[in-house]
Structure formats: structure tokens, C-alpha cells
Amino acid sequence: MQARNHRFPPDPWCLREDAPDPATHFLNETLFALGNGYIGVRGTAEEGWSGPGGTSRDGTYLNGFYESESIHYPETAHALAKTNQFMLNVPNAKGIAIWVEEERFDPLQGRLENYQRSLDLRRGVLERSLTWTSPSGRSIALRSRRLVCLDNRHLLAFEVEVTPLNFSGTVRIVSSLDGAVQNLEAGDDPRIGSAVSGASLQLLSAEQEGDFCALVQRTRNSGFMLVSATLTEVDGKGTVEAQCSRDGLRLEQTYALPAVQGEKITVRKYACYHTSRDYPEDELLTRSCDVLEVALRGGFDVLAARQAAYLADFWQQSDVEIDGDDLLQQGIRFNQYHLLQSVGRDGKTNISAKGVTGEGYEGHYFWDTEIYIFPFFLYNKPEIARALLEYRWAGLESARRRARQMSHPKGALYPWRTIAGEECSAYFPAGTAQYHINADIAYSIRQYLDATGDDAWLRAHGAEIVMETARIWTGIGTYDRHGSFVINEVTGPDEYTALVNNNYYTNAMAQAHLEFAAAIAARLAGEFPEDYARIAQSMDLAPGEPEEWANAARLMLLPYDTALQIHEQDDSFLSKKRWDFANTPPGNYPLLLNYHPMVIYRHQVCKQADVVLALLLLSARFGQDDKRRDFDYYEAVTTHDSSLSSCIFSIIAAEVGYADKAYDYFMETARLDLDDTHGNTCHGVHTAAMAGTWLGVAYGFGGMRTDGGSLRFAPTLPARWQGYRFRIQLRGCLLQVGVNGAGTTYRLVQGEALQFTHHGKPVALTAAQPEHQEAA
Ligand code: BGC
């Protein structure tokens, strides 16, 4: 494995920090963030942080809960995105400050010993233990636990135990709910911050009664109501004193406790968030009280036990095991865990580029979901995959409206980046122009149907999405003078090349999309005529439209350079000057932070996999030689400045027999956040790359492919591993694929029967004969 600065002991199930360090504090807040797909809390400590400015960014986020702001263009144009949406930093419920007599516990003052912070991926509880001696010499032992409930999306819980070690006296606990929070403002890095014009949350009321407190707020522009509430429980309560800051935004409850040397004081705090995106406004406060009371009655240990049970089930279905590399094992499990923490599962929310761990990319959802993250959930937690598709269904009306704004009289155009469904991309060349989002969504629907056979969903929602989005291709494409169907003026996945004609990826994916739409139309018309009639009416489908789709697909131009025998990224890419990599200083990467976009666009240089991604998604349409030549060519001009790139290069490298490259690219992906290789994990994890790790095992080393409707495997074993195992769920079956030096073992863990191929050879498993082995 490559030499890297691994900061955490290589425990395969745990992330552990043995000493707090201001230099890595900001980063570790992201890595130790907890979430449940709805609430996300950064790993800042209960007592807060007094380190130097810029070394911390506190944050609590609610997936899909956003504020909107007008986008100001000094020079505007028709149909540019008008309004941005960004995920809000909401009141901080973590606060539990500890005062030892008149000294406030602060790990950066006094003396800190026996420090350890850990996140056990099987238990889902962030734990910390330490001993602290105040500047005047009073010592306490502190132990804290924190969890964000995976089985109750509104709830999080804290437990802090303080034991006076060498004194008896007064310990005060100050439990707070702090609404004086705000989002990061946009700076020079386009990936970070929002154009925020002031406080986004306006206070409606503050409630404080005994151990309970709540802030009721409303977002200034998007108009949502938010109730943040806490309930604190302190053993041996002492006196309680409630305080409220002058602006009403910070609520505190102070518990003054007679502390006895050697006797533990336990504080438990339950917190919850409810918004009017989910419930009627007049229910929010009562719901909050109910959730908190139930939590208090059960107690922290009950929540912790439920958390462990939820995770046991998750790992039973989706654990990936690597024999012989603990660092990697840690990276893979950490990534899977964060995906689970990040993904919305209610059909109204999705998974943002940074999950719920930070403000990078403003909490927006991108194509990352469909092309990178969706397969992980589809084959590990199909019910979540379906919820992700439900989210797109919920956005179909917005996508129709967007299509009209973009002068398409028919069809639906999904936004490049969004929270609630409206296009939020302010830079259209690398935003709206990425029309491939439509084909990406259709591709994931096809994968879903192939994996689940869920015809009911196809008839209710899927068919309409696929057909409406397919119409955009016949809308924007045209037949050129040679009779080929061409798609002009779009941007493909590679954001270092913009507004081009016939981007290979786009055309190839559009072709597959159009074929799929035509096939669905034919199938529905034949098998489910009533559904077909209903959908045709809802979308005002003209007779002959499905034939038009099929025709455009058949005549689609797929640029190919016969001299080089490679697929051209677009009509002009190969005619551009190559980027001068030899004379680009390492400090000038990522290029996007150091060169005007036009300078980059003028050159043959890629930010990420483009043609190479098509080789994976449409695998069956390419021969091995084509794949190898394309890989060789595009590897030489790709910077991998996007974290979405390495995993795809790893997968294709594995397929074409470049084992070392496959391994190296895989390692780039697997520990991208743990090792902070892109230098910006402090602003949030990279969820697409995290899922790319799973793709790297299943599709890369496992050689799994599902395009074309059949399940195929072609496993290889990286030289540095003794073996690996992963599981997939498909058509009601759970299959384990195990690879080691002796060969491959396929085991049907659940289900009746499953067929697939192993390096092209048919294999059939049944409940009666659930295992099959292939020698290496
Ligand atoms: C990539 C996009 C991606 C976005 C969000 C960008 O850097 O180029 O492909 O969708 O990040 O992850």
C-alpha cells in the first residue's frame, strides 16, 4: 500500500483518536460526525472548542431542510437558475459545559490525560474518555457517549459522566440549546459555502420549562418552521436555573451539583428536530415533547441497544471483508457506515455530495446519487434505493417545469444540483448543461427494475419518469446531414470540458435511455394497456413518439476515432492541445482553483472519468481491446481532481488486466476521507467516492456487471490480499461472493434460486444446492 499519513490505528471496526490535535480538529469533526440520513451532527465536543479560529466548524444539519436565496448575476440570461437552496446549519443541541467550581472544563487548558475518542462502527456510538486537571489542580474523569438514532430520525442522545477525582465541591453542568448559528459564507472555493445574506432562521418563540427547552424558528425565505428541543436529565439534580440570552436564541439550564470525590455524576440529554417540511406546524412542538419523553423513559442504554441491533442487521447484509489489509478494511467499513448515516430514506430527501457532515456543496444532491451511490443501496438495502427513486418521482413536476423554462415543449429535465427539485446550479456550463442527469436517472431505474422485478413501481412511477425524461433527447438532438442523431451543446461528466457537441458519455447513455423508454412503452402497451393509456394521457404522448425514440437511439452518433481506435470524448476533444502536465506544479492542482475555466476547456484535460465511465455502465457494448485503448488514452489526460474519478479508473483497470493500477486507484478511493487525500474533508465526506469504494470491490475486483439485464462476475484477487467477500441482494436472494487464492465461492445465503455467470460460464444456485466453487 502507498505511504500515507494514516492518523488512526488500523482497527477494522473502529475509528480511534488517541490525542486531540488542533491541527486535525476540523477534519476529525467530519470523520467523527454522526447521522441517520436526516440529522447530521459534526464531531465537535459537548463542551465546545476554544482553539484558534479556523480550526473548527460546528454544525448540525437536517437533510433536505433548506433556506433559499436569490442567485444574483450581475449579467444575467434567460432561464438561468434563479434561486439557490442550501442545507441549513440548525441550532446546536450538543452543548453540555462542565464547571469545576469556578473553572470551566476545557481540554486546551490545564492538563489532559488518558484521552481517547472512538467510533465503533458496529455500535454507532461516539465515545470519549479522558482525565482532566484544571489549571488550579482539580481533576475529573470524564466519559461521554453520543448517538444519532438510526431507527428514529428525529432523535439524538448524549450521555456525559463526570467523576471528581481529588476534590469534593460544586460541579455545575450547563446544558444549552444554541440557535445563534449560521452557515459558511461563500469564498473563493466554489465547492464551499453559500451566498447567505443574513440570519436564515428567525426566532418565533423560545420555550423553557424545567429540564425541557425548545426554540421555534422560521426560515426567512423558504418559510419552513423548525422546532429544536432538548430534555436534560441530571442524576442528583441539585438546583436548576434556566437562562435565556438577550436575543432569545441561546437557552441554558444550569445544574449546580454537590459533587463528592470518587462519585460519578451522570448527565443525559435527548434532543430532537421537527420541521414543517414533514408535519403541520401546530404539531411540531407536541411531537418534539413526545419523542423526548419516550426517549427519557427508555434511557440512553435502550437507545444504544437499538442502535447496535440496527447496525448488526446492516452489517449482516452488507459487510465487505478483506483478508490481509486492516487499513483498507477500516476504510471500506468507514465508508459504508457513512453512506448509511448520510442517505435520506423517506422519499422526500436524497443523499448529498457531503452527506450530512458538512456544508460543502451546500447539501445539494447531484448525479452522484444515481451513478455512484445508488448501486450500493440497491444491492445492500434495496428499500433505501427505492426511496431514492421515490425522491425523483416527487421531483418530476419540477423537472417538467424546468424543461419548459429551457424551451422544451415536452418532457422533463432534472436539475443538475438541487435539494427540493429546482435547479440550483449557478454556473450552467458545469451545471444545467449536464443533461446526462436524465439518462443517469433512467439508468438507475433500469438497474432497480432488473434487480427487484418491481413491476408495480414501474407502472406507478418508473415508466413515466423514464419516458418523460427520454423526450428531452429527441427535443435537443437532431439528425445531421449524414443522418446520424446528434446531441449538441451539452457537458458530459468531465467538468474540465464544457458545452460540446456529441459528448460520448451523454450520447451513449441517451441511446440506452431512448431504447429503454421505447421498450417500456411497448411492454406497457402490450401487458398493461390501462397503465399505458393513463401515462400516455398524463404526458400527452403523441402516437409514434416511442418509435421516434427508438429511431434516434438506432442512429445515435457515437464518436470514434478510427486512427487512434478510441472513443472520442466529444467532437472536438481530440483536436485540442494537450494540457502541459509536465510543467504544471503540483500546487496547481486541482486545476479548477488555479486556472480560469476557459483555459482548462481549451485543453485536452479531464477532471474525471467520462468515456471511461461509459465503459463501465454500458460494459456489454464494448470489447476488451476498446476498453484497454480508451483507458490508456484517457488515463494520460485525467487529473482525477474530482473525487468521483479514481474508483472508475480502478474498476476498468481491473477489467483490462492492469492489476497494479486497479489496486492503486482503489486505495485512492477507499481512504480518500480517512486520509484526507483531497484536502477538503473538513467540509464534509465525499459520499460518491465512499460508494465508489464498494463499486471498486464488487464491480472492480469482483468483476460484477448487471447491464444488459444479466448478472455476471469475473473475480480477480489483488496480490496484496489473501481474500475478500461481499454480499449482494438481488431478486429476493442474498448472495455471498468469496474470493481467495484457491478460487471463488458463491453462496446463496437466502433465497430460492439465482443464476449468473462466472468469467462467462453459467452458474445456477438453489436453496438445495446453495454453494458453488470455481478454482482459481
Ligand atoms: C464533480 C461532479 C460532482 C460534484 C459533486 C464535482 O467536483 O465534478 O461530477 O457531481 O463534484 O460531487
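**Notes on a predicted model: sheet, domains and ligand site**

1. A small detail to start with: Leu-177 has Leu-251 as its bridge partner in strand 17. Please keep in mind while reading on that this is a predicted model. The two strands involved here are strand 12, covering residues 169–178, and strand 17, covering residues 250–259; they run antiparallel and are joined by ten bridges.

2. Stepping back, the wider arrangement is an open sheet of five strands, ordered 7-6-12-17-16 and paired in antiparallel fashion. Its edges are strand 7 (103–104) and strand 16 (239–244), each of which pairs on one side only.

3. Now the annotated domains. UniProt, in an unreviewed entry, lists residues 333–694 as "domain: Glycoside hydrolase family 65 central catalytic". That stretch is 51% helix and 4% strand, with its end C-alpha atoms 9 Å apart. The same unreviewed entry type applies to residues 704–765, listed by UniProt as "domain: Glycoside hydrolase family 65 C-terminal". Here the chain is 0% helix and 60% strand, and the end C-alpha atoms are 17 Å apart.

4. You will probably want the ligand site next. The residues around the ligand include Tyr-361, Phe-366, Trp-416, Lys-607, Gln-608 and Ser-642. By class, the shell has six nonpolar, two polar and three charged residues.

5. Which side chains place a polar atom by a ligand oxygen? For Asp-368 the distance is 2.5 Å, for Trp-367 it is 2.9 Å, and for an N or O atom in the Glu-495 side chain it is 3.1 Å. As for burial, the ligand taken alone exposes 310 Å², and the protein buries 94% of that.

Technical notes: Residues are numbered from 1 along each chain as its sequence is written. This is a predicted model: local features need pLDDT of at least 70, side-chain atom pairs count only at pLDDT 80 or more; totals for chains, interfaces and linings use all residues. Side-chain values use heavy atoms; hydrogens and water are left out. Two strands pair if DSSP finds at least two bridges between them. UniProt positions are given in the numbering used here, feature names are shortened, and annotations may be inferred rather than shown by experiment. A residue is near a molecule or strand if one of its heavy atoms lies within 4 Å of it. A polar contact is a pair of N or O atoms within 3.5 Å; within protein, one must be able to donate a hydrogen and the other to accept it, and residues adjacent in sequence count only if both atoms are side-chain atoms. Accessible areas come from the Shrake-Rupley method with a 1.4 Å probe; for residues, only the protein chains shown count as cover. Ala, Val, Leu, Ile, Met, Phe, Trp, Tyr, Cys and Pro count as nonpolar, Asp, Glu, Lys and Arg as charged, and the others, Gly among them, as polar.
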